[in-house]
Amino acid sequence: MDPLSEKEIRASFVNCSKGEASRINLPVGLSGVPWGDLDFLGWRDPGAPDRSYLVAPRGDGIVGVTLRVPQGVRRSFTRTTVCSLCVTGHPGSGVSLLAARKAGVLGRQGNTVGTYICADLACSLYVRGKKKSELAGRHEETLPLEDRIARTVMNLEAFLEKVFEEQ
């Protein structure tokens, strides 16, 4: 992923108003982000733990979506869960259900789409072995790195497509 400026990140959001985008808490240390290892930039809002953000290259530009942890979702601290994007297994609460308001009219009507994603949104780093799940070593994947990256990008694109669906 190419490095992004604060202005580019804020302008990329498609499922919130420009005012909301201007108030988003960007990740601390944006200049130190390992851009070359990322398929998308994802972060949790330190001031609002139920909010997360995801910015990804899509087509000729970038797309940002705001995500929320739905209220009333019960989490198991003993069960193993798998991220829908990178297929990394995590124990306990290492994967969160995150919901994105749909883009456009449907989003303004309150429609959302959700998926299970690594709670820290570090999917790209897990895929590349730069970050390890607590389950690392128990279930090693044999798929080549290039194929794991392609699968993650394809799964991310499928999720983003749902955000843009008009039905």
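The mean positions of the 22 positive and 19 negative charges of the chain lie 7 Å apart. That is one way to start reading this structure, which is a predicted model. Let us walk through the rest of the chain together.

**The overall picture**

How many helices and strands does the chain have? The secondary structure comes to 5 helices and 7 strands. If you follow the sequence from start to end, you meet them in the pattern α-α-β-β-β-β-β-β-α-β-α-α.

Now for size. A compact globule of 167 residues would have a radius of gyration near 15 Å, and the chain agrees with that at 16 Å. Along the principal axes, its C-alpha atoms fill a box of roughly 45 × 35 × 30 Å. The chain exposes about 9,500 Å², and carbon and sulfur atoms supply 50% of this area. As for the inside, 44% of the 167 residues count as buried.

Which parts of the sequence meet in the fold? Take the contacts between residues at least 6 apart in sequence: 57% of them join residues at least 24 apart.

**The nonpolar core**

The largest nonpolar core holds 44 residues, and those that touch the most other members are Ile9, Phe13, Leu41, Trp43 and Leu54. Several elements give two or more residues to this core: the strands β1 (41–44), β2 (51–58), β3 (61–68), β6 (95–101) and β7 (112–118), together with the helices α4 (123–127) and α5 (145–164). Which element gives the most? That is α5, with 5 residues.

Phe13 makes a good example to look up in the structure. Beyond its neighbours within four places in sequence, Phe13 is in contact with Ala21, Ile24, Trp43, Tyr53, Leu54, Val55, Gly64, Val65 and Thr66.

**Five residues to find**

Here are some single residues, with where each one sits and how much of it is accessible.

| Residue | Place | Relative accessibility |
|---|---|---|
| Ser96 | strand β6 | 4%, buried |
| Gly107 | helix α3 (residues 104–108) | 4%, buried |
| Asp120 | loop between β7 and α4 | 28%, partly exposed |
| Val87 | loop between β4 (80–82) and β5 (89–91) | 37%, partly exposed |
| Leu121 | loop between β7 and α4 | 4%, buried |

Why does Ser96 count as buried? Its relative accessible area is 4%, and buried means under 20%. Leaving aside residues within four places in sequence, Ser96 is in contact with Arg44, Thr115, Tyr116, Ile117 and Ala119.

Gly107, in helix α3, touches Arg101 and Lys102 when residues up to four places away in sequence are not counted. Gly107 and Phe164 are 57 residues apart in sequence, and their C-alpha atoms are 9.3 Å apart in space.

Asp120 can be paired with Arg44 in a similar way: 76 residues separate them in sequence, and 6.7 Å separates their C-alpha atoms. Not counting residues up to four places away in sequence, Asp120 touches Gly42, Tyr126 and Lys131.

**Two backbone angles**

Finally, look at the backbone angle phi in two loop residues. Val87 has a phi near 60°, a positive value in a residue other than glycine. Leu121 is not a glycine either, yet its phi is positive, at about 55°. Is Leu121 buried or exposed? With 4% relative accessibility, Leu121 counts as buried, whereas Val87 is partly exposed at 37%.

Terms used. Residues numbered from 1 in each chain as written. Predicted model: local features only at pLDDT ≥ 70, side-chain atom pairs only at ≥ 80, totals over all residues. Heavy atoms only, no water. Rg over C-alpha atoms; globule rule 2.2 N^0.38 Å. Buried < 20%, exposed > 50% of the residue type's maximum accessible area, 1.4 Å probe, protein only. Contact = heavy atoms within 4.5 Å. Areas by Shrake-Rupley, 256 points an atom, 1.4 Å probe, with all protein chains shown as cover. Lys, Arg positive; Asp, Glu negative; His and termini not counted. Charge placed at Lys NZ, Arg CZ, Asp CG, Glu CD. Core = buried A, V, L, I, M, F, W, Y, C linked by side-chain atoms within 4.5 Å.
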